[in-house]
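Before reading on, take a moment to look at the structure as a whole. The paragraphs below begin with one chain and then turn to the places where chains touch.

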Amino acid sequence: MNLTPSISSLTVVPLVGALAVLALGSNRKLARGIALAFAFLALIFTLLLWHRFNPASGTLQLEEIHAWIPVLGVQYHVGADGLSLLMLLLSTLVVPMSMAASWNIQEKPSLYFALILLLEAGLIGTFTALNFFHWFLFWELSLIPAFFLIRLWGGSQRATAATQFFLYTMVGSVTLLLSFLALFLYTGIFDFITLGELARSGHLLQSLATAPHGTAATADRFALLICLGALLGFAVKVPIVPFHTWLPATYAEAPTGTTMLLTGTMSKMGLYGLIRILLPIFYLQMRSMRTPLLWLAVATIVLSAYAALVQKDLKRIFAYSSINHLGYCLLGIFSILKFTGDDPAMLSEKAAALSGVFLQMFNHGLTAATLFWFVALLEKRSGGLRGLNDFGGLRKVATVFAGLMGMALFSSLGLPGLNGFIGEFLIFKGVFPLAGWAASLSTLGLLLTAIFLLGLIQRVFAGPLNPSFAHMPDLTTAERLSLFPPLALMVALGIYPQLVLGVINSTVLHLVQQLR
Amino acid sequence: MLAWTIYISFCAVFVLLLLPNRMVRTARSVALLSAIAAFAVTLAAFWQHRSGELQTITRVPWVASLGLEYHLAADGISLTLLLLTGIVAIAGVLFSWNITHRVSEFFAFYLALIGGVYGVFLSFDLLLLFIFYEIAIIPKYFLIAIWGSTRREYAAMKLALYSFIGSAMVLIGLIAAYVASGARTMDLSQLAQFPFTVHFQMWVFPLVFVGFAILAGMWPFHTWAPTGHVAAPTAASMLLAGVVMKLGAYGCLRVAMALFPRGLDAWGFHLLGFGSWRDVFALMAVIGIVYGALVALVQKDFKFVIGYSSVSHMGFVLLGLMTLQQIGIDGAVLQMFSHGILAGLLFAVVGRMVYDRTHTRELAQLQTMQLSKVLPFAAATFVIASMASIGLPGFSGFVAELQVLIGTWHAYPRFTLLAGLGIVIGIAYTWRVMQVVFFGEPATNQPANVAPLPPITMPERIGTTLLVATSVLIGLYPQLLLRIIVPALHSPLFDGLWKGSQQ
Amino acid sequence: MTPFPYAELFSLLVPQIILVLTALAVLAADAFFLRAADTPVRIKSGVVLSLIGCTLTIARTLHTPLQANLLDGMIVLNPLVQQIQIVLLLLTMLTVLLFVSSSFTQHVSEYLALILLATVSMMFLVSTQNLLLIFLALEMLSLSLYILTAFNKSSGQSAEAALKYFLFGGTSAAFLLFGFSLLYGFSNSTNLTHIASTIHGSSLDPLLIVAIVMVIVGLGFKVAAVPFHFWAPDVYQGAPAPSAAFIASGSKVAAFYVLYQVMVIGLAGAEGGATWHTYAPGWVPVLAIVAVLSMVLGNLVAIRQTSVRRLLAYSAMAHAGYMLIGILAHSEQSLPALLYYAITYAVTVLGAFGVVALVEANTGGDTLAHFAGLSRRAPIASFCMFIFLLSLAGIPPLAGFFGKFYLFSAALSTPAPTLGLIWLVVLAVAMSAVSLFYYLRVLKAIYVTDPPADAAPIRTPFVHNLVFGLIAASLVLLGCTPNLLLHWLRHAVDLVASR
């Protein structure tokens, strides 16, 4: 194995880790030890890649290209720009967090941790692959461990939840696959970058016009159909309302460690796909659907916030809140579809919105994962209870817990000074000039979010102490220590967002230049 | 050197026949060693055989007065299928480790079948090919009739008769070609160059094609396949689905299509919307894909699900052949390999890991057994196998079916959708059976009848690893096989096919 | 008029004379020297004597290759005829060997002598092209066979079968004689080649058509073709096993050769046509009908049989049907193909009857139930039966397969490769697929079904195992390297044709 940090070796690390855990993890301690070691190794690799990465350039770096299946025009082509790198960092950060949250899992620990590592490999591959063939391979590879994590370690309704999760994402995957197959049939190309160039030069539509009975007009319609198919795949994964119905049940039934991965990283796969794949290739088609898409984004924001408001289960609340936060990303992404020509002012607004989207993706991953972690800790103490009204007055008995979780909640709320603020701020800053109506409607979502999060704080931490929790232990030292890094990162990013912005800036500019 | 695959297998048959019945261990070892030796020979040839083009192994006159030759040769397609045979044969022996009834006879029939299969894939004299093809029929009958389960005698007889009727059709076609060419030769490449009249090809092609396709499980001649697979002992189902069905598909490509390419041309008129035999067979293949999948969806017997899934997956092979596109036929050959491995794996799980332990294949009964807890290894294997079988990327099935679909798209755009539908139904039935068998919940608050079952043995683990590793290897790096398949399809043997397809 | 060539006749007939002398010697030895001995001893010494006689005959035939046509086709000897004679002698020897452990009769020497005399008549049958001698030899053969069939005096079935055989045989002999007389009247000659030379023109004399039909009826009886087959199931079932084997093997080969001679040589010019689009009256269409009936009826009825002997009888009709295709193709290739098929078939069926006899002797019957689990009671005999039946079914790489392949390809290449007889070949191949079903049923009983609980291993006499093994080995050998036999046959046929 080539251990100099490259994207390939980074992908291989969790795979080897999974095998090692399966082979050597005869007992729980050994299994989780090995798994955590490999997770940290992946994190270190990512940081090393980060170090190698040249933030001044917005183009793809660290590329590796090898011939693979010439008959199908498949190459092994990986590479990373700022966005990929950010997502890699997020994934490799959330995985150790998720492992820590599942530290005391009882049943088949070696399989559990192996599946998490497999999932990580899928994530890393998805965020770096530039050829549809193996991008899809990793996309599916992440799906299967997720399914089994839910199916085997989930709550009482796990069978339904797992099936629902699998069916939705599978249908999405199938339409995605069909779309790219259709593209391949006409162009003979699976490479995202080449396809993007074809689309920009207009050759893509020309190729589509060669269909049997094809004309320029049918090519347009056909391209739209293909675009919709691919969009569905990503929409389910993000999710966009109305394709979100699998999500609350899945997040609620999954073991909390898995939920952290689902919300922290897997939902980003959909967004990443939208930005990296769909926008460059189907820019024209997407633009023609801009208004309905913006409506969907608004609906995602507002409806999910409202749904969160009426939920009684903490995990479900956070699940809807998660949809809500990703809705802002969608808003940002769809708003930059507006045709503005070369107007530099508008381009800078687009850049702002896109930067906001990137930041929001990272922040949401961090915050949402942390929040679910807190839910896990709470569940451990309450013996599985996690209803909104089961608790009350916890800040009296578990001060540190209440304080730290409150911090995460405020980050989620978008309080300035914490990481959540800057992303949403940039998005709204960019979207208002680009699509003012959508931005205004979406502020409703901000309001609702504030209401339900504050309500949550009040019901759980404030108020009279629920007698059954009178002796609830506070956070242990180990828990505090392990919670420290994500919380510290939240503060650090809130104060100094440049930490992330510095890496993504040129990427954003490059993308905005491309998408005119 | 490759000819030794045949000789090793038949030598082992004789050794086993002479072995006293009680020497069980020796019998197993002989079988395993010969399977491994044959595979090793194939592997060595595979490494030397870089280009995939036709290489003659042996060529001596056989019945000189009739122009028959003992002519063995191999190209990329043969090699691919030889590798498949070797792998499945080894795995089959490993999964038959628990056979205790008439052991040496079992392995003798088993290896006779394997030897016949090797022979078919290596023969380039048509009569020789046909002889090996028929040699493979009889052991199948006895393997099922003696060591089988559910309705074994019926299934065995059905299988034997279907195969024999198919081969009778092939024989007529071969004799007709032999006589019509007047060249007094049965050499494949020479006959392939002979310009048979279009009229002649038009009736001989369907005869020979259907004759072979019966064994490949083409709808509506597939009915032997599910019953045969179900009744057969594990190793025999693995071979049946894994290798024997490939004999049929191989024959379709190597004999029917190579000899009578003009038989695929348009008739010049339309009947019920069909314009050529190619249309007819493509439609049958598509029906097979969808029908097999639909029937698999409603089965109550675990093994029947897998049996019908074989019909469905073999439909892709035939469809790929009928595309007459380079990529479609590539895909068909790759799918033969892929399905061989995967069907072997699935039948190993169903027959050996589950049925031999639980003694039931009823889905309703298996549902209450919580097999994922009792037999985690079997569950994991089945999950992997079904993932591979539904065509998940990273496994061999994906690349193969993808190529077939691409080929179909160019040839029959509408059928692509139907085949895609077949894949989706495939996901559904695989999903269903996986859920029910391995992750079924016992009826509410009934203490689950989790009887401890015998643990998975080492031979089973090795066999599973072998098959899974092969599928993943080919799934990740299909070029390994494609690099020899593609040149083989461009050999002069298939010239007629490409010429015909350009019209 | 030249003087009658007695000396030459004598020298040509030395083989037959040796055989007759052997028959007499067997009778004499039994009558004078072994009167007091046990039956097994008498059988063994009789068998040994017969074997010696046959061996001598073969040696003589091999040693003096002859090319002769005596008395205007009365005795015709050429390499081909000699080869057929050798084959017939070998078949006789195998039959005699199967007799070794029999116990159905006390009249050992008479039985053996009859077999030898039947062989003599077969040798005459194949070495003549004269209607009169053909008829005489046939009658002599038939008479011997009637008696051989009836030889098991303790069995009612045997007597009944013999009576049936006799009655049908008598009737058919009458038909044959009638046909021959018509031919004689038509051509004023009993020599086949002369008869042929008088047939010309495209339209056939109605009288000739009647003659053709009569001859086919008469000879069809001998080859057990449908619809002249009624005697066959009963005789195959009722006759003592060696007799049945002999009827099914040696007399089949001889009868087919004669049928070929009469049709192809004697009625050359009156073939007609049976190809798909070009029907023309003649003996070919008539034979084609008979062939179709034989194949279809034989195979379909065989499916329903539970007695293995009757099954073999019906399968014999089916095989007669296939072989008729060889005759009606009457091409350059078809004679060696026909002979190859007939010889391998005869050897196979002989072996099969041997196994049936073995089973009958040990289990008391020949139904499928009696064969149950035989593979665990007599593995060698079972394995040989496996080979015999698969060869009959036409499974490669056994001789039966190659026979079929060669026969059908010969049939199709007639006269030019127009594939005119393809419909017959299609039918034949389809029917042979059906035949696999009933052969497999027998094999299923042997290999799959479990033996009865009280079954002990069967002790097979060494000689039987030897015979079975030899036959099985030769079937495999002839299947894998058909050239061994084919080479000789083709060479001989070519020699005859070039003369």
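Why does the radius of gyration of chain A agree with that of a compact globule? The model shown here is predicted, and in it chain A has a radius of gyration of 22 Å, which agrees with the value near 24 Å that a compact globule of 516 residues would have. Along the principal axes, the C-alpha atoms of this chain fill a box of roughly 75 × 55 × 45 Å, and buried residues make up 58% of its 516 residues.

The secondary structure of chain A consists of 21 helices and 2 strands. Among the contacts in chain A with a separation of 6 or more, 77% join residues that stand 24 or more positions apart.

Chain A also touches a neighbour, and here 18 residues of chain A are in contact with 22 residues of chain B. On the side that belongs to chain A, β1 (61-69), α5 (132-153) and α6 (158-187) each supply at least two residues, and α5(A) gives the most, with 7 residues. By class, this side of chain A holds 16 nonpolar residues, no polar ones and 2 charged ones.

Chain B has a contact with chain C as well, which takes 29 residues from chain C and 28 residues from chain B. On the side of chain C that touches chain B, at least two residues come from each of α18 (399-412), α19 (422-448) and α21 (483-498), while the largest share, 13 residues, is that of α19(C). The residues on this side of chain C divide into 22 nonpolar, 5 polar and 2 charged.

Note on methods. Residues numbered from 1 in each chain as written. Chains lettered and ligands numbered in written order. Predicted model: local features only at pLDDT ≥ 70, side-chain atom pairs only at ≥ 80, totals over all residues. Contact = placed C-beta atoms within 7 Å. Helix = DSSP H or I, 4+ residues; strand = E, 2+ residues; numbered from the N terminus. Nonpolar A, V, L, I, M, F, W, Y, C, P; charged D, E, K, R; others polar. Rg over C-alpha atoms; globule rule 2.2 N^0.38 Å. Buried ≥ 20, exposed ≤ 12 C-beta atoms within 10 Å, placed from the backbone.
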